Number of protein chains: 2
Amino acid sequence: MRSFVVALDVGGTSMKGALVDQVGTVLHTERRATPRAHGPEAVVKTIRAFITHLTRLGDTLPATPARGVQGGPNRPARSQEQSGLVGVGLIVPGIVTSDTAVYAANLGWRDVPAADFTTLDVPVMLGHDVRTGGLAECVLGAGRGSPDFLFLPIGTGIAAAMIINGEPYGGATGWGGEVGHIPVLPTGEACACGQIGCLETYASAASVGRRYSIRAGRPDTRAEQVVSLARAGDPIAVEVWNDAIEALSLGLASYTLLLDPILIVLGGGLAEAGPALTDPLRERLAKRLTFREAPPLRPAALGVNAGMLGAALLGWQAAGHPDIGHTWTVNVPETPPVP
Amino acid sequence: MRSFVVALDVGGTSMKGALVDQVGTVLHTERRATPRAHGPEAVVKTIRAFITHLTRLGDTLPATPARGVQGGPNRPARSQEQSGLVGVGLIVPGIVTSDTAVYAANLGWRDVPAADFTTLDVPVMLGHDVRTGGLAECVLGAGRGSPDFLFLPIGTGIAAAMIINGEPYGGATGWGGEVGHIPVLPTGEACACGQIGCLETYASAASVGRRYSIRAGRPDTRAEQVVSLARAGDPIAVEVWNDAIEALSLGLASYTLLLDPILIVLGGGLAEAGPALTDPLRERLAKRLTFREAPPLRPAALGVNAGMLGAALLGWQAAGHPDIGHTWTVNVPETPPVP
């Protein structure tokens with residue numbers, strides 16, 4: 001039997017679980033639906049059952065000689081009653097500290113302690129979704145070796161993981177990183193948050209699609225289509241994409257002037273645009289910074305697995321191995337869809 | 001003889017020195033002109049001579065029973081050759097790390113090591129001007145007990161000390177905290193830095209004075225006069241002051257959304273405006289934050305002495321007492337002007 005952690009990324013729609021050993025091998029991945037409609041306690045119960053299920057599964061896996069810190073061939077074999085589970089890393093939505101799910105509007109949670117998420121006798125560490133993805137990019141991904149950088153996933157919304165002194169920083173109360181709502185164009189368009197000119201209202205994938213759909217009278221155009229149309233010279237698409245780049249350059253200029261990151265790692269769906277995003281953004285950002293260099297832009301390395309891998313790191317941190325991961329090479333099996 | 005540190009705040013025009021003992025008593029303060037016109041090495045030489053002079057002076061001070069960590073009555077008396085100097089804390093302009101003055105445009109310095117600033121055999125710690133003031137406000141002043149806050153001195157320019165996990169944070173390369181140049185009104189007025197709509201170009205004391213002077217045709221009106229005129233209903237002053245508050249509310253909203261400070265400490269000349277600044281700014285900032293509370297605004301506690309007291313803390317840190325200061329009560333004698 002080998003040692004492993006359960007890594008769980010709990011979203012509003014589904015939760016993605018994984019078993020990860022001490023050398024970073026992802027032994028198994030699995031998805032379950034999040035029973036949000038059944039109320040806050042039902043979600044907690046489902047998480048408990050999912051962790052127990054994954055642990056049982058992990059304990060049936062064949063033993064392999066471990067290359068890592070523990071569970072190696074020289075370690076005495078465990079009795080059959082012992083589990084290989086050493087820790088749980090759990091990403092939960094909303095405001096979160098390492099030991100409490102403080103507030104999650106979409107799940108109805110308030111101050112749920114980490115220990116409530118499992119009936120097993122094992123340490124649990126909680127993490128914020130974007131910040132835990134940032135931790136993974138820091139330890140395993142595009143930010144490896146860069147203790148001070150920005151991880152910016154641009155998807156339906158825009159939030160930031162600010163990596164400061166080698167760790168994700170969430171602010172004084174866990175509300176930090178809300179870069180999507182900084183007022184980059186304060187005389188501009190209204191945001192769903194009630195404010196004017198937020199970065200997110202111009203530059204999220206959802207906003208790029210929405211702004212084009214409205215202007216062009218073509219409902220439900222997606223951001224990646226807008227990027228293609230802009231490349232082909234569609235004037236409305238060019239304008240919408242240009243606004244997104246402009247808003248991003250303003251937001252990244254403010255971030256850079258304040259926090260002086262060594263590097264900006266772009267992730268999320270919109271980063272799939274590649275050079276169509278990074279080339280004009282790099283140029284615009286450099287122009288906005290007159291007395292200092294712009295930090296380089298780099299694509300995220302871990303894609304959709306950043307959260308799960310970050311949760312695995314949290315699980316190993318909970319198990320008393322805070323520096324694990326730096327020697328891992330990452331190899332993630334494809335996750336089957338929610339059954 | 002008692003133990004003391006030399007604290008030195010080196011500005012472009014003058015340098016302010018002090019002797020501070022282990023319980024925070026400011027034993028002596030003194031100013032010298034910064035011989036900037038004589039070149040980079042002349043300034044370093046003047047600093048060396050000033051430190052030696054202050055040390056000699058400190059060694060002639062009468063011994064008093066110390067209340068603190070060392071040098072107390074039970075400590076064996078030093079021989080006459082020994083000095084009471086245990087460390088030097090030195091604030092230098094520009095980009096700085098704790099052991100190197102990396103770059104100071106106004107003094108012509110590049111990569112000057114800390115040890116170059118004294119011929120005495122004593123540890124030296126360097127600090128950035130605003131961040132060292134922030135350290136003092138954190139340990140001794142308005143941010144006492146708040147490990148995550150913003151110290152914002154608003155003077156001729158605007159820079160920030162971002163206090164993160166109890167320490168001033170300067171970014172990956174020491175260029176952090178340039179809040180004065182975040183583009184708060186990107187379609188607005190040109191800033192001296194070459195960029196458009198920087199916070200500083202609307203809201204620094206210099207800009208408030210300049211913008212009123214130009215609009216009203218009354219050259220050299222100072223910011224405090226603009227505040228008085230605005231209070232009396234002068235429409236141009238009202239507009240200029242309103243623009244400053246608007247720009248500050250945008251900058252502080254961006255800072256709050258990103259860094260989630262527990263508190264914002266306002267310092268510098270413009271903070272002397274008191275409620276004329278804080279009342280409308282508090283209201284505007286709250287309006288700009290739709291899904292979270294605004295952090296409270298608080299005036300700085302240490303005024304012009306923040307830098308010197310921070311330098312004293314750095315000197316004691318250099319001497320191996322990183323946690324000194326938390327029990328100090330501050331009492332600063334008036335500094336005589338440059339002779």
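Which residue stands opposite Leu152(B) in E12(B)? Keep that question in mind while you move through this predicted model, beginning in chain A and ending at the sheet of chain B.

Select strand E5 of chain A, residues 95–96, together with strand E6 of chain A, residues 100–104, and you will find that the two run antiparallel and are joined by two bridges. Within this pair, Val96(A) has Ala101(A) of E6(A) as its bridge partner, and the hairpin that E5(A) and E6(A) form has three residues between the strands.

Next, keep E6(A) in view and add strand E7 of chain A, residues 109–113, which pairs with E6(A) in the antiparallel sense over four bridges. Here Thr100(A) stands opposite Pro113(A) in E7(A). E6(A) and E7(A) also form a hairpin, with four residues between them, and in its turn you can select Gly108(A), whose phi is positive at about 75°.

Now turn to chain B, where five strands in the order E11-E10-E9-E12-E13 form an open sheet of mixed pairing. At its edges lie strand E11 (167–169) and strand E13 (297–299) of chain B, each of which pairs on one side only, while the twist from one strand to the next averages 30°.

Inside this sheet, select strand E9 of chain B, residues 149–153, and strand E12 of chain B, residues 264–267, which run parallel and are joined by four bridges. The opening question is settled here, as Leu152(B) stands opposite Leu266(B) in E12(B). Finally, show helix H6 of chain B, residues 235–259, which packs on the sheet and touches E9, strand E10 (161–164), E12 and E13 of chain B, its direction making about 155° with that of E9(B).

Note on methods:
Residues are numbered from 1 along each chain as its sequence is written. Chains are lettered from A and ligands numbered from 1 in the order in which they are written. This is a predicted model: local features need pLDDT of at least 70, side-chain atom pairs count only at pLDDT 80 or more; totals for chains, interfaces and linings use all residues. Side-chain values use heavy atoms; hydrogens and water are left out. Two strands pair if DSSP finds at least two bridges between them. Axes are lines fitted to C-alpha atoms, for helices over the stretch in contact, and angles run from 0 to 180 degrees between N-to-C directions. Contact means heavy atoms within 4.5 Å.
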